[in-house]
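Biologist: I would like to learn how to read the features of a model. Can we go through a few of them in turn?

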Amino acid sequence: MAFNTPVVLLALGTLFAQTSAFYLPGAAPRDYAPGDTVNLFVNTLTPEVGPATTKLRSFVNYDYYHPSFQFCQPDGGPKKQPESLGSILFGDRIFDSPYQIRMMENSTECQTLCTTTVSPENAKFINERIREDYALNWLVDGLPAAEMKMDPKSGEIFYDIGMFSSNFCFNLGNVVDPDHEEAEISPILNNHYDIILKYHTKDNINYRVVGVLVWPSSNAATEGDCEVREGGKHMELSETTATTVRYTYRVMWSKSDTRWATRWDNYLHVFDPRIHWFSLINSLVIATFLCIMVSMILYRNVSRDISRYNSMDLSEDVQEDFGWKLVHGEVFRQPRWPMALSVLVGNGTQLALMVSVTLVFSLLGFLSPSNRGALATVMLVFWTLFGGIGGYASTRVYASLGGTQFRKNVFFTATLLPTFVFVIVFLLNLLLITAGSSGAVPFGTMLVIVILWFAINGPLTVVGAFIGRRHGLISNPVRVNQIPRQIPPPPRYLKPWSASLLSGVLPFGAAFVELYFVLSSLFASRAYYAFGFLSLTACIVGLTTATVTILFTYFLLCAEEYRWHWRAVFIGGGSSFWLLAYGIFYWASRLSLDSLTSVVLYLGYLFILSVFNFLITGTIGFLATYWAVRRLYSAIRVD
């Protein structure tokens with residue numbers, strides 16, 4: 001039967017990327033009867049890219065009930081809602097609100113929420129946040145507040161959740177130029193909200209919320225109608241005298257044909273899938289080219305060399321070796337710092353499996369978008385549970401490299417990476433606390449993470465290391481000479497840094513386009529949901545990393561450079577250097593961070609992301625090369 005691999009992969013990408021959002025068993029919908037209370041929850045205020053800023057200017061989030069905003073509070077004070085571990089780590093701080101919403105009850109008249117007096121100090125704080133395009137984040141029945149839009153190319157209706165939109169209807173406020181000339185921009189506060197709720201019903205008895213739309217506006221009137229008429233005044237906050245602000249809202253219900261099970265389809269809209277297709281096809285071309293190149297080397301050059309070596313008469317007194325066979329007695333010599341190398345491979349294996357399983361769960365729909373923070377929670381849990389595999393890989397590699405200090409190996413594998421990440425995150429968290437950001441991780445959450453890492457991951461690492469110790473080392477196909485062989489100077493392109501940078505171009509190029517969307521999701525608050533494209537891209541990057549590392553290692557061995565262990569790690573992880581460089585370019589081109597806190601936060605998170613990528617791709621390169629070198633030297637006869 002004919003089998004067209006590229007076509008099958010493209011079909012799988014379409015299936016994964018365009019599958020409708022659905023809910024797993026246990027995620028039951030909530031039915032409302034007419035008159036039932038529908039809660040509106042408020043989340044943190046986040047900086048966005050909007051009319052006032054062409055680039056993101058801050059990474060600092062603020063609680064909705066931050067004292068300086070002076071928003072209306074419910075009777076008895078706001079109550080914090082329960083959140084998952086991942087939701088807290090991503091900066092969510094969800095509270096109840098004083099908005100009174102009842103199923104199927106429209107507000108024909110403007111409802112006054114409260115009237116407050118904003119001091120000049122708070123007015124200055126709010127105006128600065130408006131200039132930085134801070135946006136409101138509301139939740140109703142698990143759905144985020146959104147703006148209805150139409151895709152100009154496909155004509156499909158979708159809900160834009162306020163990120164990179166042209167109107168930014170959920171911003172804290174807007175900026176206006178009264179004279180429409182080059183004058184000082186005046187910030188105005190949005191203090192009125194038209195809330196449009198979409199519902200679906202089959203029997204006119206039970207109603208379900210399937211969409212949330214909000215249209216904000218600014219009105220300086222302190223009494224009467226809240227309608228903003230032409231020529232009316234906007235709410236401008238004075239920074240010299242106190243300003244009276246009246247917050248108002250209006251609720252309207254609208255029937256929709258969207259079913260509850262598919263209500264997220266309107267939110268998860270792939271705006272221009274051709275960009276993702278371009279990225280995927282580009283990655284496929286690179287991976288195919290590399291596989292063909294490596295196959296030609298293995299089947300033509302290596303097979304020819306093996307046949308030549310094996311056909312030589314071993315009874316002759318003098319046997320002349322050449323090429324990569326010259327270093328057969330050195331290729332498995334113990335490298336420098338075997339402890340560090342084995343710990344790196346163990347942690348890289350653990351991270352790689354965590355990413356792989358998380359992507360599989362995302363593709364199968366286990367990470368529903370209605371469960372906020374589920375992605376981060378699942379990643380933390382899987383990383384903890386895969387501690388045993390990390391300990392197993394680290395111990396076996398360490399034993400194969402001739403190591404003897406196994407207790408130190410287990411201790412460093414279990415503690416080195418968590419401690420490194422914890423120290424950096426703790427320092428960044430101190431910056432967030434100093435800036436008064438709601439994104440600062442609470443002490444209780446930090447304690448939970450410490451327990452996960454050291455109380456669960458640690459023992460599992462010890463168990464995995466014990467099993468790896470019992471399995472023992474991986475035997476080498478050739479012996480190691482007692483006296484090391486001299487190494488001739490390698491070509492320039494095979495020197496460590498040159499080889500790392502050159503080899504990293506191809507894996508980075510395979511993921512370049514998709515990387516833009518990932519960085520936008522991490523650093524620009526843009527939702528990312530194309531896990532089908534991301535999974536296929538990750539597979540292609542892994543394949544590309546493995547093949548390019550094997551290729552460069554073959555060139556190294558032919559140049560009589562037998563110190564391939566660390567070279568394989570740095571060649572495999574070469575894409576991390578390009579990732580770091582691209583992150584800096586992204587900072588310069590897409591961001592405009594004004595405060596030192598935001599700059600340090602961005603660089604800190606970018607550095608952690610680059611380190612994780614280096615551990616994963618470096619481990620893939622090392623393990624692939626180890627397998628290829630063993631296969632290569634086990635196929636020849638050595639005297």
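Modeller: What follows takes a helix, the cores, two single residues and the cavities; the model is a predicted one.

Biologist: How does the end-to-end distance of helix α12 compare with what its 28 residues should span?

Modeller: An α-helix has 3.6 residues a turn, so residues three or four places apart point the same way. Helix α12 covers residues 531-558, and at 1.5 Å a residue it should span 40 Å. Its end C-alpha atoms are 40 Å apart, which agrees with that value. Just after α12, Glu-560 has a positive phi of about 65°.

Biologist: How many residues of α12 are buried?

Modeller: The cut-off for buried is a relative accessible area under 20%. In α12, 22 of the 28 residues are buried, so the helix is largely enclosed by the rest of the structure.

Biologist: Which residues touch the most other members of the largest nonpolar core?

Modeller: In soluble globular proteins, nonpolar side chains tend to be buried together. Here the largest nonpolar core has 51 residues, and Trp-138 and Ile-195 touch the most other members. Among the elements that give two or more residues to this core are β3 (111-118), α3 (120-131), β11 (192-200) and β13 (243-255). Setting aside residues up to four places away in sequence, Ile-195 touches ten-odd positions along the chain, including Leu-40, Tyr-99, Trp-138, Leu-213 and Met-252. A second, separate core of 40 residues includes Val-421, Ile-449, Tyr-562 and Trp-566.

Biologist: Ser-437 lies in a loop; which helices does the loop join, and is Ser-437 buried or exposed?

Modeller: The loop runs between α8 (406-434) and α9 (443-471). Ser-437 is buried, at a relative accessible area of 9%. A polar atom of its side chain lies 2.8 Å from the backbone oxygen of Asn-61. Beyond its neighbours within four places in sequence, Ser-437 is in contact with Val-60, Asn-61 and Leu-432.

Biologist: What is Ala-393 in contact with, apart from its neighbours within four places in sequence?

Modeller: Ala-393 is in helix α7 (residues 387-400), and its contacts of that kind are Gly-346 and Thr-349. With a relative accessible area of 16%, Ala-393 is buried. Asn-347 is 46 residues from Ala-393 in sequence, yet their C-alpha atoms are 8.6 Å apart.

Biologist: How many cavities of 30 Å³ or more are found in the whole structure?

Modeller: The search finds two. The second largest has a volume of about 30 Å³, and its lining includes Asn-191, His-192, Cys-226 and Arg-246.

Methods:
Residues numbered from 1 in each chain as written. Predicted model: local features only at pLDDT ≥ 70, side-chain atom pairs only at ≥ 80, totals over all residues. Heavy atoms only, no water. Helix = DSSP H or I, 4+ residues; strand = E, 2+ residues; numbered from the N terminus. Expected span 1.5 Å × (residues − 1). Buried < 20%, exposed > 50% of the residue type's maximum accessible area, 1.4 Å probe, protein only. Core = buried A, V, L, I, M, F, W, Y, C linked by side-chain atoms within 4.5 Å. Contact = heavy atoms within 4.5 Å. Polar contact = N/O pair within 3.5 Å; in protein donor to acceptor, adjacent residues only side chain to side chain. 1 Å grid on protein atoms, 1.4 Å probe; cavity = no way out; pocket = protein on both sides within 12 Å on 5 of 7 lines; lining within 4 Å. Points joined across faces, edges and corners; volume = space filled by probe spheres on them.
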